[in-house]
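Dear colleague,

Please find below the structure that I am handing over to you. My notes on what was found in it follow directly after.

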Amino acid sequence: MRNLNYQLKQLCRQNRDGSYSTQAKRAHHLMLIANQLHALGFHGMNASSLKQKHVEALIKQWLEQELSTGTIKNRMAVLRWWAQKVDKQNVVARSNDHYGISNRQFVTNASKAKTLNNSDLEKIPDPQIRMSLQLQQAFGLRREEAIKFQPGFADQGDHIRLKSSWTKGGRSRTIPVRTDAQRDLLDQIRKQVGSGSLIPADRSYVQQLRVYERLTANAGLSRMHGLRHDYAQRRYEELTGWLSPAAGGPTSKQLSPVQKECDYQVRCLISLELGHGREQVLSLYLGK
């Protein structure tokens, strides 16, 4: 174990603030942050060597990875806890606005959907990365889920299942296979990797993530989280028969009582398929 990871673990053991759940989440975030700092080239750190440059490098990476505002704010809270425990409060600015971290926005009718065409995919030379992108588009998967995808486990014929270790918050879930295009993609992935993973045997997840980031950047592809928005909007139209507000369809105020009930039920279903626990979050994807 690297020195920084060990010292942060000790810091958590010595300072048991909050509930057991809060302590566990804090420890998890600190280990993640320590690993990210090492990957960013900050070697030989200890708990008391936290500096502004470390905070700024982490935030720059999180923003480039297009993490949700909520996720970044949670990590900022952990950074401030760390800084406070080693008497370096001034290392982290008091306001997230200082770093350009926006406020959460759950309601927007501006579409953030993105699509990929064949010319986009042809710019990605790595077949596994290309297939991960296709999974994001076809099934609305998060980037990590699409990178860690194992067809031998996931492909269940009429649906795919995702391991809890692949997903945000450790929530396993299933997503239906509804179209020939989805079926063809799963067959192509099986042909490519057999019962293995879309992460090559000689790479770790972090290494494959770096390849993903480099190749998508070189291809001019950014904000691939928008592929989930596109999936949600396509599913909404398929299930309701009309466009979502973000795609130019009627707003909630324009729906009849019967349509409003249908809208709610569909949002709940899509929320489960995307791996969200709350229907309200779908406003980010579909509008309101």
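Among contacts in the protein between residues at least 6 apart in sequence, what percentage join residues at least 24 apart? The figure is 65%. Please bear in mind throughout that this is a predicted model.

**Overall form**

The protein is built with 13 helices and 2 strands. Its C-alpha trace spans about 55 × 50 × 35 Å along the principal axes. For 288 residues, a compact globule would be expected to have a radius of gyration near 19 Å; the value for the protein is 21 Å, which agrees. Of those 288 residues, 45% count as buried. The area that the protein exposes comes to about 14,800 Å², and 48% of this is supplied by carbon and sulfur atoms.

**A pair of packed helices**

Two packed helices are described by the angle between their axes and the distance between the axes. In the present case, helix α6 (residues 127-139) packs with helix α10 (residues 205-218) at an angle of about 80°, and their axes lie 10 Å apart. Angles of 65 to 115 degrees count as roughly perpendicular, and α6 and α10 are therefore roughly perpendicular to each other. On the α6 side, the contact is made by Q128, I129, L133 and Q136; α10 contributes Q208, V211, Y212, L215 and T216. Sorted by class, the contact of α6 with α10 comprises 5 nonpolar and 4 polar residues, with no charged residues.

**Two residues with positive phi**

Most residues other than glycine have a negative phi. Against that background, I would draw your attention to two loop positions.

D87 has a phi near 60°, a positive value in a residue other than glycine. D87 sits in the loop between α4 (69-85) and α5 (118-122). Is D87 buried or exposed? Its relative accessibility is 62%, and residues over 50% count as exposed, so D87 counts as exposed.

R223 also has a positive phi, near 50°, and is a residue other than glycine. R223 belongs to the loop between α10 and α11 (226-240). Because its relative accessibility is 56%, R223 counts as exposed. The α10 that precedes this loop is the helix that packs with α6.

With kind regards

Definitions and conventions:
Residues are numbered from 1 along each chain as its sequence is written. This is a predicted model: local features need pLDDT of at least 70, side-chain atom pairs count only at pLDDT 80 or more; totals for chains, interfaces and linings use all residues. Side-chain values use heavy atoms; hydrogens and water are left out. Axes are lines fitted to C-alpha atoms, for helices over the stretch in contact, and angles run from 0 to 180 degrees between N-to-C directions. Helices (H or I, at least four residues) and strands (E, at least two) are DSSP runs, numbered from the N terminus. Angles under 35 degrees count as roughly parallel, over 145 as roughly antiparallel, 65 to 115 as roughly perpendicular and the rest as oblique. Contact means heavy atoms within 4.5 Å. Ala, Val, Leu, Ile, Met, Phe, Trp, Tyr, Cys and Pro count as nonpolar, Asp, Glu, Lys and Arg as charged, and the others, Gly among them, as polar. The radius of gyration is taken over C-alpha atoms; the globule rule is 2.2 Å times the number of residues to the power 0.38. Buried means under 20% relative accessible area, exposed over 50%, partly exposed in between (1.4 Å probe, protein chains only). Accessible areas come from the Shrake-Rupley method with a 1.4 Å probe; for residues, only the protein chains shown count as cover.
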